[in-house]
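Student: I should like to learn how to read the features of a two-chain model, step by step. Could we begin with a single helix and work outwards?

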Amino acid sequence: MSNKKIIDASSKKVFPDLKEIFRYKDLFYTLTWRDFRVRYAQTTIGFLWAILQPVVTLLILTLVFGRFVGVETKVPHILFTVAGMSIWSYFSYVMINSGSSIIASQGMVKKIYFPRLIIPMSKAIVGFIDFGISLLIMVVLMIYFGISPSSNIWYAPLFIIMGIFAALGVGIWLSALTVRYRDFQHVVPFMVQIGLYITPIAYPAEFAVQKLPDWAATIYYLNPMAGVVQGFRWSMFGSEAPGDLIYVSIGIIVLIFISGMAYFSKVEDEMSDYV
Amino acid sequence: MSDVAIKIEGVSKKYTIGKQKENSLRGSFGGLLKSAAAKGEEFWALKDISFEVNKGEVIGVIGKNGAGKSTLLKVLSQITKPTEGRIEINGRVASLLEVGTGFHPELTGRENIYLNGTILGMSRKEVKAKFDEIVDFSGVDKFIDTPVKHYSSGMYVRLAFAVAAHLEPEILIIDEVLAVGDAEFQKKCLGKMKDVAETGRTVIFVSHNMAAVEKLCSKCFLLNHGNLEFSGTSSETISKYLNSSKLNQYFWERSQSSDNKAYFTSIKVYQDGQLDITTSGKLKVEFKYQIQEKLSSLNLHLALLDNYGQVIFSSAPEDSGIKKSLEIGNYASIVEFPEDLLFPIGYSLKLILWDHVAGSFIHHDVNEKIRFKPIETQSLINKTSGGRSGILAVKCNWKIE
């Protein structure tokens, strides 16, 4: 009997049933594809928005940090910034959208069963639009400045994977928390805003490490994206190799991801009662 | 292999009312400080429900609003977890608590078929295989590549139901989805449901439409305040439900004034010299109405309804050759039913009046406010040897030569 299912009020799930999630892969695929399809539907300039936003952010950051503040970087400042911004924009997209994803699909959550984890997870794929566009801008700038990628580029996938897990971990936490506590809807934009400054996007991470006492530098790397952004940029251009503090970021990513999955499982069964 | 499709043991579901406050951070922090007594009121939507459903059975679940029907379906379809108890399900389940779950207005009909199909548990391959059938059933083939936001609501519902109708689960859980669409489409849906039932699949069906339940289901569960009050054959359970929920109501009076240009103010049913309505004698319906604007022609109808809310017959002033216009004012009418007409079963009344006045349409009705179940006394029914069948005892003229 393969189709026997038992629902027992006294049994508690501690971790998501990954096998079940795999069985729902078609739904995962469809939801992801739906998000792709409708993302810029009904806007007049459509896909241009996806390019306009990072370009404007990039120009502002370069103007403020590169020109006004005069941050010295090995590669042109704009190139330096776009590398960090690409993985950061992926992270922030996934965090914002998976955070609100369960609430946004409450119509479905109330009316049908499927592993709820699929909803925030699908956003991790959709976020690659933003990532890809920023990377494209970066490639264009690299050609313009005549800079070729460093030999560390083989490490890039590693940092991208770290970025995915960081984004998913935070996103899964937020999606579950927002169901219970709507306050988090207001917390997330705030987090994105702060994150843009406390993450070494427009300035090198050494600045922070040098100017802060040791204990504070460790706290700085508790921001999972600090290590990811620094490492990703290093894999692109070779400057400022991540120090031992990157293990703090790796550790926090693993912690957030696993605890997020566990918390999600704990509240998953009752999500439909709260949304 | 057992023949049990669903086995439920001692299932209860508790909700806490007034959770809004707790739903915020402040509520949660506050909750830590205050005693547990400050928490919301507990409410048991289901209380200790146990039953078994065999494979191939078509089960109806009936009960008043708030009796726990929807909660039962939600628990069965795993949307929410029971607070207590255990459920065992043998077979692939599809639940249909709504048609068109997950439909996205910006997507085309074709895209929504895939979307909705996978949400309901089909694989993309299955949807692809049945795609033509689904489109055919829905009858929207011309607009299949148009975004569904441009669909009429009828088309939307038809497409959504078409997807659902092509699910092939072993156990199907359905909530009131037939309450949508036009009459013709509803008929089509009922037909499809009947097909599903006849292929030996297990179906659990919640509905307020007693006629549909009686037609489709072999067995019924009656829920009341979260308890499983009765289970038995459909007709048994339905009559139990109808008897428990509809008490005699001999008098109705309008509680507030109306904006209507003409409206009923009170209705009363009685039999001369009787306290209760009985099966013998003449039933009289006395009703009062107020006319606020001159009516060129009075259209007045009185209908007798059965327990299902379906009209048995209707009558109008023309029966007595009355046809007239009405000036502004208060009026009263008495309608006398033929003698010995009623059975000892539940009836209700509907009154309608309408008119066209200078382009504006006046319409007022009072539906099922009056209900009664005649007490069986000496009348045509028991005077006939072998009793009588039907819902009305009509005296006809006989000749035997």
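Student: Is helix α4 (residues 77-99) of chain A enclosed or open to the surroundings, and how many of its residues are buried?

Tutor: Please bear in mind that this is a predicted model. A residue is counted as buried if 20 or more other C-beta atoms lie within 10 Å of its own. In α4(A), 22 of the 23 residues are buried, so the helix is largely enclosed by the rest of the structure.

Student: What span should the 23 residues of α4(A) have, and how far apart are its end C-alpha atoms?

Tutor: The expected span follows from a rise of 1.5 Å a residue, applied to one less than the number of residues. For α4(A) this gives 33 Å, and the end C-alpha atoms are 32 Å apart, which agrees. The helix nevertheless has a kink of about 25°, and Met85(A) is at its centre.

Student: How does one judge the chain as a whole, and what is the radius of gyration of chain A?

Tutor: One begins with the inventory: chain A contains 15 helices and one strand. Its radius of gyration is 20 Å, close to the 19 Å given by the globule rule for 275 residues, so chain A is as compact as a globular protein of that length. The C-alpha trace spans about 65 × 50 × 35 Å along its principal axes. Of the 275 residues in chain A, 42% are buried. Among contacts in chain A with a separation of 6 or more, 82% are between residues 24 or more positions apart.

Student: Where does Gly231(A) lie, and is it buried or exposed?

Tutor: Gly231(A) belongs to helix α13 (residues 224-237) of chain A. It has 26 other C-beta atoms within 10 Å and is therefore buried. Setting aside residues up to four places away in sequence, Gly231(A) touches Phe159(A), Pro242(A) and Ile246(A). Sequence separation and spatial distance should be read together: Gly231(A) and Leu158(A) are 73 residues apart in sequence, with their C-alpha atoms 9.1 Å apart in space.

Student: How far apart in space are Val311(B) and Thr384(B), and is Val311(B) buried or exposed?

Tutor: Val311(B) and Thr384(B) are 73 residues apart in sequence and 26 Å apart in space, C-alpha to C-alpha. Val311(B) lies in strand β14 (residues 311-315) of chain B. A residue counts as exposed if 12 or fewer other C-beta atoms lie within 10 Å. Val311(B) has 11 and is therefore exposed. Beyond its neighbours within four places in sequence, Val311(B) is in contact with Ala303(B) and Leu305(B).

Student: How should one read a covered strand, and which residues of β3(B) point one way and which the other?

Tutor: One considers each face of the strand in turn. Val58(B), Gly60(B) and Ile62(B) point one way from β3(B), Ile59(B), Val61(B) and Gly63(B) point the other way, and all are buried. Strand β3 (residues 58-63) of chain B is thus mostly covered, with six of its six residues buried.

Student: Which strands pair with β3(B)?

Tutor: Four bridges join β3(B) to strand β7 (residues 202-206) of chain B, and the two run parallel. In that pairing Val58(B) is opposite Val203(B). A parallel pairing over five bridges also links β3(B) with strand β8 (residues 219-224) of chain B, where Gly60(B) stands opposite Cys220(B).

Student: In which sense does β11(B) pair with β10(B) and with β12(B)?

Tutor: Strand β10 (residues 251-253) and strand β11 (residues 262-270) of chain B pair in the antiparallel sense over three bridges, with Glu253(B) opposite Ser266(B). The pairing of β11(B) with strand β12 (residues 284-291) of chain B is also antiparallel, over eight bridges. There, Ala262(B) has Ile291(B) as its bridge partner.

Student: Lastly, how many residues does each chain bring to the contact between chains A and B?

Tutor: Chain A brings 31 residues and chain B 38. On the side of chain A that touches chain B, β1 (4-8), α2 (25-38), α6 (106-111) and α15 (271-274) each supply at least two residues. The most comes from α2(A), with six residues. By character, this side of chain A divides into twelve nonpolar, five polar and 14 charged residues. Strand pairing also crosses between the chains: five bridges join β1(A) to strand β4 (residues 84-90) of chain B in antiparallel fashion, and Lys5(A) stands opposite Ile89(B).

Terms used. Residues numbered from 1 in each chain as written. Chains lettered and ligands numbered in written order. Predicted model: local features only at pLDDT ≥ 70, side-chain atom pairs only at ≥ 80, totals over all residues. Contact = placed C-beta atoms within 7 Å. Nonpolar A, V, L, I, M, F, W, Y, C, P; charged D, E, K, R; others polar. Pairing = 2+ DSSP bridges. Bend = angle between axes of the 7 residues up to and from the residue. Rg over C-alpha atoms; globule rule 2.2 N^0.38 Å.
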